[in-house]
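I sat down with this one today and kept a few notes. Here is what I looked up, in order.

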Amino acid sequence: MSTTQDFFATVPAASAQHLKITNEAEACAAVLFACRRADEIDGPGGTAAFMTTLKSRNIFIGSDPEALVEAATRYFEQAGSSAALIDAAIGAIREQTRLPLFYHCLDMMLADGVVTPQEHKIFLYLKGKFRVDDDAAFNALDVLVVKNQL
């Protein structure tokens, strides 16, 4: 699933300008999908973390995980890049949902226990997009890298 070279597409898809996700569960799934695609070391851990999140987190209760994946895939195709997908989704995500979602994004990207240079750039992008303060963000990074080394 990994195609990190397109995370920060320099020329977004024409349809990305008009893409706006309004359903919060779909927006969260889209952000997670974008981060899943960003995992440079594409292993089963990230996929398992992604699907477990869609099946178990409160924001997704009442939603079909497969339908969320299909919607996220469709949105990604319209957006043209992971960054553009996150940009289209962020407006539908409430402030109180952003920090937990940020942590889940990191957990999924770091499922292999390694932070690659590209993943670090994506981490900084997400930190800014989600407006997570430095202490919370870097503490989460440290904890999740160690957690995922097991």
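**Notes on one residue and one helix pair**

I began with Glu24, which I found in helix H1 (residues 24–38); helices here are DSSP runs of H or I with at least four residues, numbered from the N terminus. I am working with a predicted model, where local features need pLDDT of at least 70, side-chain atom pairs count only at pLDDT 80 or more, and totals for chains, interfaces and linings use all residues. Residues are numbered from 1 along each chain as its sequence is written, and side-chain values use heavy atoms, with hydrogens and water left out.

Is Glu24 buried or exposed? I read a relative accessible area of 14%, so Glu24 counts as buried (under 20%, 1.4 Å probe, protein chains only). Its side chain makes a polar contact with the side chain of Arg94 at 2.7 Å (a pair of N or O atoms within 3.5 Å, one able to donate a hydrogen and the other to accept it). Leaving out residues up to four places away in sequence, I saw Glu24 touch Ile59, Ala92, Ile93, Arg94 and Thr97 (heavy atoms within 4.5 Å).

Next I turned to H4 (residues 82–89) and H6 (residues 117–129), which pack at an angle of about 15° with their axes 12 Å apart. That makes H4 roughly parallel to H6 (angles under 35 degrees). Ala83, Ile86 and Asp87 in H4 meet Tyr125, Leu126 and Lys129 in H6.

Last, I checked the whole protein: it has seven helices and zero strands, and buried residues make up 50% of its 150 residues.

How values were computed
Helices (H or I, at least four residues) and strands (E, at least two) are DSSP runs, numbered from the N terminus. Axes are lines fitted to C-alpha atoms, for helices over the stretch in contact, and angles run from 0 to 180 degrees between N-to-C directions. Angles under 35 degrees count as roughly parallel, over 145 as roughly antiparallel, 65 to 115 as roughly perpendicular and the rest as oblique.
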